[in-house]
Each structure stands twice: as structure tokens, then as C-alpha cells.
Amino acid sequence: MLSSPHHTLAIPSPPPPQLQIGFDGGWRKPSYKAGTNGLTLSTIKSGRTESERERRRRPRFDSESNLPSLSTLYPLRERMERETMPKSGFRVEQDPAFQSGGVRKNLDDDGRAKRTGTVVTGSAHIITAVIGSGVLSLAWAIAQLGWAAGPAVLMAFSFITYFTSTLLADSYRSPDPVTGTRNYTYMDVVRAHLGGRKVQLCGLAQYGNLVGITIGYTITASISMVAVKRSNCFHRNGHHAKCLTSNYPFMIIFACIQIVLSQIPNFHKLSWLSIVAAVMSFAYSSIGVGLSIAKVAGGGDHVRTTLTGTTVGVDVSGSEKVWRVFQAVGDIAFAYAYSTVLVEIQDTLKSSPPENEVMKRASLVGIMTTTLFYVLCGCVGYAAFGNTAPGNFLTGFGFYEPFWLIDFANVCIAVHLICAYQVFCQPIFGFVENWCSKRWPNNTVITREIPVDIPGYGVYHINIFRLVSRTAYVIVTAVVAMIFPFFNDFLGLLGAASFWPLTVYFPVEMYIARSKMRKFSFTWTWLKILSWACLVVSLIATAGAVQGLIQDLKTYKPFETQ
């Protein structure tokens, strides 16, 4: 603070350099005294007097306002800092980025590294998270529901997912959606708006679902890899050959790839993976639609489709019809689930324009794109296969020829799932590592970064804890996938368990809390009706998935080729 007889002026502080200071001795605090002739700098050290040279370096005062000239304030502050640091007491290292003037432009509004995400990268992340293994089961799901209910359920879930994603996007910053404080994870968002036990419930639902998805992707990727080998076998030996192939070697291959990719430091470095995955999604979805259209146009074997789907007494029994409808609803719910990583995706977007507006546009592009492919894959697939549609119409060998195209489609599926695995596991890694670094801040195994020069890449910082913990996680999920390789029912269980709490309940409750909505008002009432209706859907889908798993467990033998 600068003082004159008539005015007081606060010194505007320049951005401080990033300093690493080792404390070896005592610290002498500066004190500032205002005098009639200007500013006098003194220190705790006794006996120090101001030299004539120092007097000449005082700030110059404007003759009319008696205020110091602003041109002298910043140099004066720097001199104060230099003079009050004993040379023998501190080791000072200045960040090279600051010396080059790059600190301010490389930092965000909260001091973290500047984000670079756009609508394109956000949409790519969403498409990677949404279009995945779920699209492969949609023909089977439509077959259980029929022409009347199937497309209607698809459209309903797409609308609900987009609507609640806009509510969640506005909750990223609090209390104001544009200028408020950033919340970096879904749990942080719930903590800022709701608090209490709901934070723990959110964490349990989110991270439990993410773990389940990574296990499911390990299973699905191995099925696609096996399908390539079986397709070649069928081509050589005929369509009625057994061509039995074990999934387990391919699960191990998938896990080895993930151990390497898991060393990507954080979610912000995944943009290129998501773009690759999105391209793969378009490729295999288009191949599936194209093959289905060719099958419908080519005639051949007559397939039976109905308004209500599979027929009781012809295709299934009455109880089987009920359970399969429940499972189909779960499959469709899972096909749209990306709220588990929405906040993490939004945290990669640039702060200008506002993140919530960019995220809404990215969500619209992502949901419209995936809905188009879902309707095409589900409806055209049902038209091609009818009520006997396989659970996975690319790996379930609804198609055998051209075998090379089937192989290419399954390779695209495997590449997509390899990339998508990282989108879903990076939030888990971030949560564990942040918690451990706060719990044991002085443990060098957790905090130390070892720089390694990699030819063609540059310097990569290896963290021992990150290397060991992420490798262990990949191994554990692969082992669980080997023990539990059920595709359709596992898919439905994941969708049912996560859809209501993460996609509907928390976004709706946070919107109500943020807007201070009056109870029993019109908007409050219909939001509650939406939430409770989705809860019922989740419960019946969970029941269907559990029943399917029970049936599979009756005939399944672990670690045996099926």
C-alpha cells in the first residue's frame, strides 16, 4: 500500500513468477513507511539507512495529485522483493516459462494448465463414449420390442439424455454457470450443489459404473478379435464348421495394449484417441447398416417382423418375453449413457466461449449423430434379421460374406473399444491419484516425476505410483472379464444400474437446487415425474439383466472355450 498525505493507493501486483524457494535461514519481513517526501523502505534489520542512490530510485510523485507515477510501481515492487531476500538464506529458481513470458497465456482462470478443447473435440469424446458396444445389440433390442415400441424407446432415451445433459452442463460451474468456480469431476459438481451423503452416492454410482464399463469393453473387444479369426475359419471350412476359439488370449492382448495407453497422463491428452475412436465408430456402424440393407434388398430367406416384436408361443414363452423386454430396455439405456464422463469432457473445453454453451452444442451434435446411427442399425438390422436377430449382428455372425468386410468391421470395433476404454478409465485414475496425493503429500513414490527422453516424442515424465496402480487396474479388470464374459446381459445391467442416478436424478436435483425452485410448482412436478418414471425403467431393466445373468450362470464354466 502506498500512502501520501492526501491519498492512499494500492500497488497493482504483476503476475508473480513461479518460484521454488528452499529455506535455509531467517526471514526478514519488509515494512513500508509513508513520509511527507515519499516512500521509505526499511527492513527488520536494524541500523540500515537509505543511501542517496536509493533515494533517487524512489517512486516519482505527480505534482498535482501527489500520487506516485504508475510507471515506477512495478520496478519498485521488484526491487523490494530482491532487497528483502537475504542472499544466503534462499535458493530461488525461476520457471523458464515465466522468463519467456509464457506463464499467463499458458494458465487458465484457476491457475491450472490452459484448456484447448472445442466443440469438435467435445463431440468426438461424446461419440466415442456413446457409440460403442451398445450399437451392436440394438437390432436384438428392437426385435424384442417390435416396430411400435422399439423406435419410440430409442427416441425417448435420446431426448431424455440430451435434456438432462444440458442441465448437467449448467452445473459445471457454481454458483453461476458462466462465471462461477469450476468443478472438475461429477462428485465435485454434486458436492457444490447438493452436498451431504449424495456426494458419496454419486461417487459409488459413477466409479462403479466406470469400472463395469471397462470390464464390459474388455469382453466386447475380445469378442470382436475372436470374430475375425472365426470369420476366416468359416470362409475356409464352411458356415457350419464349429470354429471354436478362446477369448482369453485376446483379452490378454487387449490388456497389454491398455497397460501402455494407460500411461497417458490425464483426460486432457485423449483428444486424438477419441477422434480415432469416432472414425472407427462411423466405419463399423456404416458397414453394419450397409450389410443389413443389402440383405433386405437381396431377398433370400423370409424374415418375420411384427409391431410387438418376438411372438409369445412362437419365438419365446410368456415369461421369456417379459424378461427380454426388460433386457432390451436396459440395452437401449446403456446405448446412450455418457453422463459418467460428461463433466470430465466439459473440463477439457476452453473457457471462452463459456463451457456450458459449448458443451450443449457438443451434446446436440453427439446425440443427433448417435441417434441417426442407432435408428439405422436397430431398425435396418431388425428388418434384415427379424425376430431372430442376434445379440451382436457383426460378431454373432448374422453375416458371413464378404468375409474381408466382416473382418474389417470387427477390427474397427476392437480399435474403437481400445480407445474408448481410456475415456472411461481416466476419471478413475484421476480420482485415485488425487486422493493418494492429498493423503500422502510427502511420499515421493506418489509425487515424484522422473523425466525420460523418448526419441520422436520428447520428454515423458514417469511416475512410479501411476505406472504400478494403472497397470494393476488393467490386470484386475482383465481377470474379472475372463471370469464373467456375458455380453448382452452384462450390457443391460450396466445401463440399468447407471442410467437413473447419473443421467436423470442428479442433474434434475441439482437444477432444482440451483434455481431454488418452489415445491409443487408446474416445472418441479413434471421434473419429479420424469425422474420417477426413469427410476421405474431402471428397476425393470435391472431385473431383466439379473434374470439373464442367472440363466447364463447355469450353463457357464469359467475359463473354458465356449
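The exercises below, each with a worked solution, concern a predicted model of a protein.

**Exercise 1. Overall make-up**

Task: State how many helices and strands the protein has, and what share of its residues is buried.

Solution: Start with the secondary structure, which comes to 17 helices and ten strands. Next take burial: of the 562 residues, 49% are buried. Then turn to the surface, where the protein exposes about 27,200 Å². Carbon and sulfur atoms supply 63% of that area. Last, look at the contacts with a separation of 6 or more: 78% of them are between residues 24 or more positions apart.

**Exercise 2. Confidence in the model**

Task: Find the mean pLDDT of the protein, and describe residues 1-5 and 61-65 in terms of pLDDT and contacts.

Solution: The mean pLDDT is 79. A value of 70 or more is reached by 77% of the residues. Over residues 1-5, pLDDT stays under 50, and the model gives this stretch 15 contacts beyond four places in sequence. Residues 61-65 also have a pLDDT below 50, with nine contacts in the model beyond near neighbours in sequence.

**Exercise 3. The disulfide**

Task: Identify the cysteines joined by a disulfide, and say which parts of the chain they tie together.

Solution: First count: there is one disulfide. The bond joins Cys-233 to Cys-243, with an S to S distance of 1.9 Å. This is within the 2.5 Å cut-off for a pair of cysteine sulfur atoms. Now place the two residues. Cys-233 lies in helix H7 (residues 197-237), while Cys-243 is in the loop between H7 and helix H8 (248-261), so the link ties together parts ten residues apart in sequence. The angle about the S-S bond is -80°, and the link of Cys-233 and Cys-243 is left-handed. Both cysteines are buried. For further practice with burial, take Cys-412 and Cys-419. Cys-412 counts as buried because its relative accessibility is 2%, and Cys-419 counts as buried because its value is 4%. The cut-off used here is under 20%.

**Exercise 4. One side of helix H6**

Task: List the buried residues named for helix H6, and explain why they are on the same side of the helix.

Solution: Helix H6 covers residues 186-193, and Tyr-186, Met-187, Val-189, Val-190 and His-193 are buried in it. These residues cover an arc of only 160° around the axis, which puts them on the same side of H6. A general rule helps here: an α-helix has 3.6 residues a turn, so residues three or four places apart point the same way. Just after H6, Gly-195 takes a positive phi of about 70°.

**Exercise 5. Two buried residues and their partners**

Task: For His-125 and Thr-370, give the helix, the burial and the contacts outside the neighbours in sequence.

Solution: Begin with His-125, which is placed in helix H4 (residues 119-130). Its relative accessible area is 0%, so His-125 is buried. Apart from neighbours within four places in sequence, His-125 is in contact with Phe-267, Leu-270, Ser-271, Ser-274, Ile-345 and Thr-348. The C-alpha atom of His-125 is also 9.1 Å from that of Val-341, although 216 residues separate them along the chain.

Thr-370 lies in helix H12 (residues 355-385). At 0% relative accessibility, this residue too counts as buried. Leaving out residues up to four places away in sequence, Thr-370 touches Val-130, Ile-131 and Tyr-336. A polar atom of the Thr-370 side chain lies 3.0 Å from the backbone oxygen of Ile-367.

How values were computed
Residues numbered from 1 in each chain as written. Predicted model: local features only at pLDDT ≥ 70, side-chain atom pairs only at ≥ 80, totals over all residues. Heavy atoms only, no water. Helix = DSSP H or I, 4+ residues; strand = E, 2+ residues; numbered from the N terminus. Buried < 20%, exposed > 50% of the residue type's maximum accessible area, 1.4 Å probe, protein only. Polar contact = N/O pair within 3.5 Å; in protein donor to acceptor, adjacent residues only side chain to side chain. Contact = heavy atoms within 4.5 Å. Arc of directions from axis to C-beta. Areas by Shrake-Rupley, 256 points an atom, 1.4 Å probe, with all protein chains shown as cover. pLDDT = per-residue confidence, 0-100.
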